[in-house]
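Please open the structure in your viewer and keep the sequence panel beside it, since this tour moves from one selection to the next. At each stop you will be told what to select and what can be found there.

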Amino acid sequence: MAPPQQQSVLPAHLLFLFIFSIRVINAVSIRTFFQPDEYYQALEPAWKIAFGEGWVTWEWREKLRSIAHPMLFAGLYNTTVWVLDTLGVKNEATRGEMLNVAPRLLQAVFAAAGDVYTYKLGGKILGEEAGWTTLFLSLGSAFHWFCSTRTFSNSLETSLTVIALYYWPWPSRTGVHFNRGTLKLALGLAAIACILRPTNALIWACLGTFLLIRAPNKKEKLMVASEAFQTGVTAILVNLLLDKNYYGTLTFPPWNFLKFNLLQSLSVFYGRNPWHYYLTQGLPLLLTFYAPIAIHEISSIFEKAGDVLIHNSEVHALIAAQKKNDPVSASSPPQMKKFKTFSPSLSARLQLSLAAASTILIYSLIPHKELRFLYPLLPIFLLLTASSLHNVSRISPSTRKKLVVFLIALNVPIAWYTTQVHQRGVIDVVNWLRRDQENWRSVGFLMPCHSTPWMSSLQVRDTRGRDMWALTCEPPVGLSEEERKVYLDEADQFYLNPITFLRENFPTPPMKGRNRLKRMREETKYQWPDRLVFFQVLEQEVLKEYLGVGDNKEVGEDGSRYRPCNRFFNSHVHEDKRRKGNVVVYCLEKTDEEREWEAW
């Protein structure tokens, strides 16, 4: 495929605004939960920086995370407060809603930029028409709709990666030419992506190797290596300063992160997956109906590249034979065959395919695997899908357009279900608690750790006199190999034997206490809260009986009781049996004497 010069039919700013409007709708319409890192590795530390409150998880105590990503949102929170103050917005509910949506809107900017540069990269490598196909595939990707406007570091990493790929010096018909300015820009963006997610370096290690091989002379090779070194050192120094300012001591979180996950293998504490997970589950979930087309294109690219290499090896053999048998004619090329070269487009697609394949291969060697780790590869696969659609000569342009529309239509139900239905209860309950915070002073979550957002979504305006808790899941940091084998975090201890855990860590249940204030004076790790939140499966198996909640809401001996006060649909099915069913809220009905005790 010989891509023509890319000329967009829309001005760049109009194209961005159009895509941004789509991503804004995407951002504000999401109602579901994906994974805890969306909150606990971005918004919670940001909220802590901006407002002094927030759940700072063990990763921050162990200095595994760079503060660079949360600082974006901390600055955004402060800016949002300043804008609201300037506009004279005093209503706390309105301020809360604006602070809740602001991070998603910022992420919509990053997502829109990623879409634009996915289109530009497709146009640069495949041609203008294929660039538009790449854009539509990007906008129609169910996983993009599900994840691009969430505040994961992976989401920003994906946008930075595709922008850097666009500015990367790809082969061209005019020969190898390294524009130093665009190379610096590509390396700078790649360096930021690596600071956010150190494993992003796998992509650039592969592409950088190809770049050094393609460099026509030693001078160009030194220039590439020098720019990469300078950019990397600069990024590391800036990041060191940011993290030193946050942690108060000189530390390098990317190294701590790699040491924890690779050398100490503590990441398996959060799950272990089979080696083929990314092939059999990850790619199908990431690409949905695009997967067969993208995989077919990669296979086709490898086949074409193999043909070229085999052909050229045969030519080399002929030349060697000529040199051996006829030294005089060895100086002229063989008459039977000529060397073949990779077209610029095939070369670029081959490099991208190898970068994606090698990254997946290395990821597969790590026991702990997550779907979102593959997210930065999605723009590459979208480009390869578009390439396949445009390389099939039997498909007419009109048929190709219909096929693209059909593929997008297949993604729409998946995008709707994952953003509007599956795991929405854990978001709905936190929004309800935020809007109802005047009516409770304490809340507790008997759930697997980090099942819901925390302070960045609860946004409790005054934490004085409030008690908020949830079960934790600290990993076995600093323990020996033998101790790790028998280690159970707090959430695991609870689910191993819920009744024993409740008896050891909670006072007398409200429905069974003989003395009205007895349970409030008992010294235990947790107190029974005004709002108790848990999954429905726990109600059916444990809590309903243990707390004495009857179908007729009978009153306990102490005149106080829990009663079911709200339920939120969460999911139809769930792979984690602990999270099955609705999210249930029990409200504690108190006596006047208990309220006076709390006030005192």
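Begin with the strands: select the open sheet, in which 5 strands follow the order β2-β1-β3-β5-β4 with mixed pairing. At its edges lie β2 (467-470) and β4 (561-568), each of which pairs on one side only. If you look along the sheet, neighbouring strands are turned against each other by 20° on average, with direction ignored. Keep in mind throughout that this is a predicted model.

**Inside the sheet: β3 and its partners**

Now select β3, residues 531-535, together with β5, residues 583-589, and you will find the two strands paired in the antiparallel sense over 5 bridges. To see one of these bridges, pick Val533, whose bridge partner in β5 is Val585. Next, add β1, residues 442-446, which pairs with β3 in the parallel sense over 4 bridges; here Leu446 has Phe534 of β3 as its bridge partner. In general, strands of a sheet pair through backbone hydrogen bonds, either parallel or antiparallel.

Stay with β3 and display its side chains, asking which of them point one way and which the other. Arg531, Val533 and Phe535 point one way from the strand, while Leu532 and Phe534 point the other way, and all are buried. The strand is accordingly described as mostly covered, with 5 of its 5 residues buried.

**The loop before β3**

Move to Glu523, which is placed in the loop between α23 (518-521) and β3. Is Glu523 buried or exposed? Glu523 is exposed, with a relative accessible area of 82%. If you also select Phe506 and draw a distance between the C-alpha atoms, Glu523 and Phe506 turn out to be 8.6 Å apart in space, with their positions 17 residues apart in sequence.

**Helix α2 and its surroundings**

Select residues 37-51, which form helix α2; this helix has 15 residues and reaches 20 Å from its first C-alpha to its last, close to the 21 Å expected at 1.5 Å a residue. Follow the helix to Leu43, where α2 bends by about 35°, and notice that a proline, Pro45, follows within four residues. Why can α2 be called largely enclosed by the rest of the structure? The reason is that 12 of the 15 residues of α2 are buried, among them Tyr39, Tyr40, Leu43, Pro45 and Trp47. To see what surrounds them, show α3 (58-61), α4 (68-87), α5 (92-126), α18 (425-435) and α19 (455-458), against which the buried residues of α2 pack. Just after the helix, pick Gly52, which takes a positive phi of about 80°.

**Two residues with positive phi that are not glycines**

From α2, go on to Lys63, which has a positive phi of about 60° although it is not a glycine. Lys63 is found in the loop between α3 and α4, and this residue is partly exposed, with a relative accessible area of 24%. Then select Gln459, which likewise is not a glycine and has a positive phi of about 50°. Gln459 has its place in the loop between α19 and β2, and this residue is buried, with a relative accessible area of 6%.

**Helix α8**

For another helix, select residues 153-167, which make up α8; this helix has 15 residues and reaches 21 Å from its first C-alpha to its last, close to the 21 Å expected at 1.5 Å a residue. Colour α8 by accessibility and you will find the helix mostly covered, since 15 of its 15 residues are buried.

**Stepping back to the whole chain**

Finally, clear the selection and view the chain as a whole, which contains 25 helices and 5 strands. Of its 600 residues, 53% are buried. Among the contacts in the chain with a separation of 6 or more, 77% are accounted for by residues 24 or more positions apart.

Before leaving, colour the chain by pLDDT: the average is 87, and 89% of the residues score at least 70. Over residues 552-560, however, the pLDDT is below 50, and this stretch has 26 contacts in the model beyond near neighbours in sequence.

How values were computed. Residues numbered from 1 in each chain as written. Heavy atoms only, no water. Expected span 1.5 Å × (residues − 1). Bend = angle between axes of the 7 residues up to and from the residue. Buried < 20%, exposed > 50% of the residue type's maximum accessible area, 1.4 Å probe, protein only. Contact = heavy atoms within 4.5 Å. Pairing = 2+ DSSP bridges. Axes fitted to C-alpha atoms, helices over the stretch in contact; angles between N-to-C directions. pLDDT = per-residue confidence, 0-100.
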